[in-house]
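Me: I have a model open and would like to talk through how its ligand site and pockets are described. Could you take me through the reasoning behind each term?

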Amino acid sequence: MSRAPFLVTPLDAVHERTLFNSGSESLDRYFREQVTQDIRRRVAACFVALSDDQRIAGYYTLASASLMLTDLPATLSKKLPRYPTVPAVRMGRLAIDQAFKGQGLGGALLADALDRAARSEIAAYALMVDAKDELAVAFYRHHGFISLPDSPLTLFLPLATVFPSRK
Ligand SMILES: CC(C)(COP(=O)(O)OP(=O)(O)OC[C@H]1O[C@@H](n2cnc3c(N)ncnc32)[C@H](O)[C@@H]1OP(=O)(O)O)[C@@H](O)C(=O)NCCC(=O)NCCS
């Protein structure tokens with residue numbers, strides 16, 4: 001997807017976070033001030049896209065989650081086991097630095113997150129995301145994500161539909 005030479009790698013102490021500027025104050029503040037604490041506490045994993053001069057061009061976080069079966073569209077829930085929840089991976093945050101927007105990097109990081117979730121040995125039914133506003137909802141819908149019928153800012157994409165041949 002991305003044509004630029006970005007390397008996606010787990011966030012490390014050597015990466016310079018202070019200059020990151022996505023234009024969203026809450027996403028930038030989280031990345032500057034809180035993400036490393038969340039990583040230490042094992043409540044989030046964080047991956048960064050590095051440009052060829054080692055600048056952080058984007059980041060996203062992943063964590064285990066679950067979806068209530070009753071929150072899913074009936075067409076999908078009727079095909080799932082009758083447990084109260086189904087396992088999921090949550091992409092809690094995704095942000096691209098303003099200097100790197102519109103180059104396909106957001107889509108590439110979404111693909112990277114889907115790939116990591118699908119490659120895990122721990123099963124997950126879907127990648128779910130919390131969109132911060134309608135623009136973000138449009139971005140995720142553009143990539144095939146489906147809104148929960150009663151919570152349109154929460155969207156999900158069943159991993160088996162993205163990688164049908166993976167066991
Ligand atoms: C939303 C965001 C992640 C998109 O990243 P980006 O690198 O600029 O987007 P890309 O260049 O990868 O776009 C990929 C595709 O999505 C489309 N797209 C981008 N933003 C979109 C939007 N808001 N609505 C619909 N489609 C969108 C692009 O047109 C492109 O389509 P194509 O592949 O068919 O050409 C980025 O703008 C951002 O960081 N925004 C602020 C934070 C935010 O909203 N985070 C998301 C949820 S919390």
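**The ligand site and the pockets**

Reply: By class, the shell around the ligand has 10 nonpolar, 7 polar and 3 charged residues. Here Ala, Val, Leu, Ile, Met, Phe, Trp, Tyr, Cys and Pro count as nonpolar, Asp, Glu, Lys and Arg as charged, and the others, Gly among them, as polar. This is a predicted model, where local features need pLDDT of at least 70 and side-chain atom pairs pLDDT 80 or more, while totals for chains, interfaces and linings use all residues. Residues are numbered from 1 along each chain as its sequence is written, and side-chain values use heavy atoms, without hydrogens and water.

Me: Which residues come nearest to the ligand, and what makes a residue near?

Reply: A residue is near if one of its heavy atoms lies within 4 Å of the molecule. Of the 20 residues around the ligand, Leu94, Ile96, Gly104, Gly106 and Gly107 come nearest.

Me: What makes the pair between Leu94 and the ligand a polar contact?

Reply: A polar contact is a pair of N or O atoms within 3.5 Å. A backbone N or O atom of Leu94 is 2.8 Å from a ligand nitrogen atom, so the pair qualifies. A polar backbone atom of Gly106 lies 2.8 Å from an oxygen atom of the ligand, and a backbone N or O atom of Leu135 is 2.9 Å from a ligand nitrogen atom. The protein covers 69% of the 910 Å² of accessible area that the ligand has on its own, by the Shrake-Rupley method with a 1.4 Å probe.

Me: Which element gives the most to the shell around the ligand?

Reply: That is helix 4, with 6 residues. Helices are DSSP runs of H or I with at least four residues, and strands are runs of E with at least two, numbered from the N terminus.

Me: What is the space taken by the ligand, and why is it called a pocket?

Reply: The ligand takes up the largest pocket. On a 1 Å grid over the protein atoms alone, a pocket is an open set of points where a 1.4 Å probe fits, with protein on both sides within 12 Å along at least five of seven lines. A molecule sits in a pocket if more than half of its atoms lie within 2 Å of its grid points. The largest pocket holds about 670 Å³ of space.

Me: Which class leads to what count in the lining of the second largest pocket?

Reply: The lining of the second largest pocket has 14 nonpolar, 2 polar and 3 charged residues.

Key
A polar contact is a pair of N or O atoms within 3.5 Å; within protein, one must be able to donate a hydrogen and the other to accept it, and residues adjacent in sequence count only if both atoms are side-chain atoms. On a 1 Å grid over the protein atoms alone, a cavity is a set of points where a 1.4 Å probe fits but cannot get out, and a pocket is an open set with protein on both sides within 12 Å along at least five of seven lines; lining residues have an atom within 4 Å of a point. Grid points are joined across faces, edges and corners, and a volume is the space filled by probe spheres set on the points.
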